[in-house]
Amino acid sequence: MLPRKLEPEWLDELPADDPRAMRSRRDLVRLNAWMGQAGIMARALLAHGEPTRPRRLLDLGAGDGSFMLRIARRLARRWPGVTAILLDRQDIVSRETREAFAALAWTVETVTADVFDFLGRARPGDLDAITGNLFLHHFTEAQLARLFAQAAPACRLFVACEPRRAKFAVRASRVLWAIGCNDVTVHDAVASARAGFDGRELSALWPGRGGWELHERAAGLFSHCFVARALPSR
């Protein structure tokens, strides 16, 4: 097994309006589509979020909101009237993205905050679902245990789609320049693959596992999916 290794990602350190950061965010939209992240997330939400569909959904590290918008387009017919709370350290959600959510009859709230501060203020049952796309791999095991301990009381469904940690994923990330990705994207893709997850590493960190149904698996070639669903008696 490839040992897990965390290192800073350049996109997190660049200003939102830096041209290299803007280019990298465009790259990420393509890579998310190539990896099938939106499809993996939407299928997991549908499989585990029904029959009581979520009405308030928190997306961690939501960025510009484009990923959650792709999820909304897949779910809106079956899940109308959802309030999507987009949490990030920067508010970069455009007016066009907000309008696209509104056209789907979804309400958007943007929150600029640290994830631990926000979840630390959340009341039990505040949220129906929490999602994270390529977000959890930024944290150490101790930080993840803290994040999960805050998230579990606040929601009944937690779904994360993360990088799969494998040598072939690291090697593939190093050659993303060949499909036009810039230096920021290539650096961060390699770092993400090294910091990703394998096996049941996230399940081992989830608190109070007796009251939860946990699913964790490889998804496609490069992704890793984790689902925590509260048992009906909870």
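In this predicted model, Arg89 touches Asp12, Thr112 and Ala113, leaving aside residues up to four places away in sequence. Arg89 sits in the loop between β2 and α5. With a relative accessibility of 57%, Arg89 counts as exposed, because the cut-off for that label is anything over 50%. Arg171 is a long way off by comparison with those contacts: Arg89 and Arg171 are 82 residues apart in sequence, and their C-alpha atoms are 30 Å apart in space.

Either side of that loop, things look rather more enclosed. Take strand β2 (residues 83-88) to begin with: six of its six residues are buried, so the strand is largely enclosed by the rest of the structure. In a regular strand the side chains alternate between the two faces of the sheet. Here, both faces of β2 are covered, with Thr83, Ile85 and Leu87 buried on one side and Ala84, Leu86 and Asp88 buried on the other. After the loop comes helix α5 (residues 95-103), which is where Thr97 is found. Thr97 has a relative accessible area of 12% and is therefore buried, since buried means under 20%. Its contacts, again leaving out residues up to four places away in sequence, are Asp64, Gly65 and Leu69.

Strand β2 belongs to an open sheet of seven strands, and the pairing in this sheet is mixed. Reading across, the order is β3-β2-β1-β4-β5-β7-β6. The edges are taken by β3 (107-112) and β6, each of which pairs on one side only. On average, neighbouring strands here are turned by 15° against each other, direction ignored. Strands of a sheet pair through backbone hydrogen bonds, either parallel or antiparallel. Both kinds turn up in what follows. Strand β1 (residues 56-60) and β2 run parallel and are joined by five bridges, with Leu58 standing opposite Ile85 in β2. Strands β6 and β7, on the other hand, run antiparallel and share eight bridges. In β7, Val227 is the residue that His215 stands opposite.

Aromatic rings give another way to look at the fold. There are 11 aromatic pairs in the model. One of them joins Phe168 and Phe222 in a tilted arrangement, with 5.7 Å from centre to centre and 50° between the planes. This pair links distant parts of the chain: Phe168 is in helix α8, Phe222 is in the loop between β6 (212-219) and β7 (223-230), and the two are 54 residues apart. Phe168 is partly exposed, with a relative accessible area of 31%. Elsewhere among the aromatics, ring pairs tie Phe148, Phe158, Trp206, Trp212 and Phe226 together into a cluster.

The helix that carries Phe168 also has a helical partner. The axes of α8 (residues 167-174) and α9 (residues 183-195) come within 8 Å and cross at roughly 175°. That angle makes α8 roughly antiparallel to α9, because angles over 145 degrees are counted that way. On the α8 side, the contact is made by Ala169, Val170, Ser173 and Arg174, which meet Val186, Ala189, Val190, Ala193 and Arg194 in α9. By type, the residues of this contact divide into six nonpolar, one polar and two charged.

Notes
Residues numbered from 1 in each chain as written. Predicted model: local features only at pLDDT ≥ 70, side-chain atom pairs only at ≥ 80, totals over all residues. Heavy atoms only, no water. Axes fitted to C-alpha atoms, helices over the stretch in contact; angles between N-to-C directions. Helix = DSSP H or I, 4+ residues; strand = E, 2+ residues; numbered from the N terminus. Parallel < 35°, antiparallel > 145°, perpendicular 65-115°, else oblique. Contact = heavy atoms within 4.5 Å. Nonpolar A, V, L, I, M, F, W, Y, C, P; charged D, E, K, R; others polar. Phe/Tyr/Trp six-rings, centres within 6.5 Å; stacked < 30°, edge-to-face > 60°. Buried < 20%, exposed > 50% of the residue type's maximum accessible area, 1.4 Å probe, protein only. Pairing = 2+ DSSP bridges.
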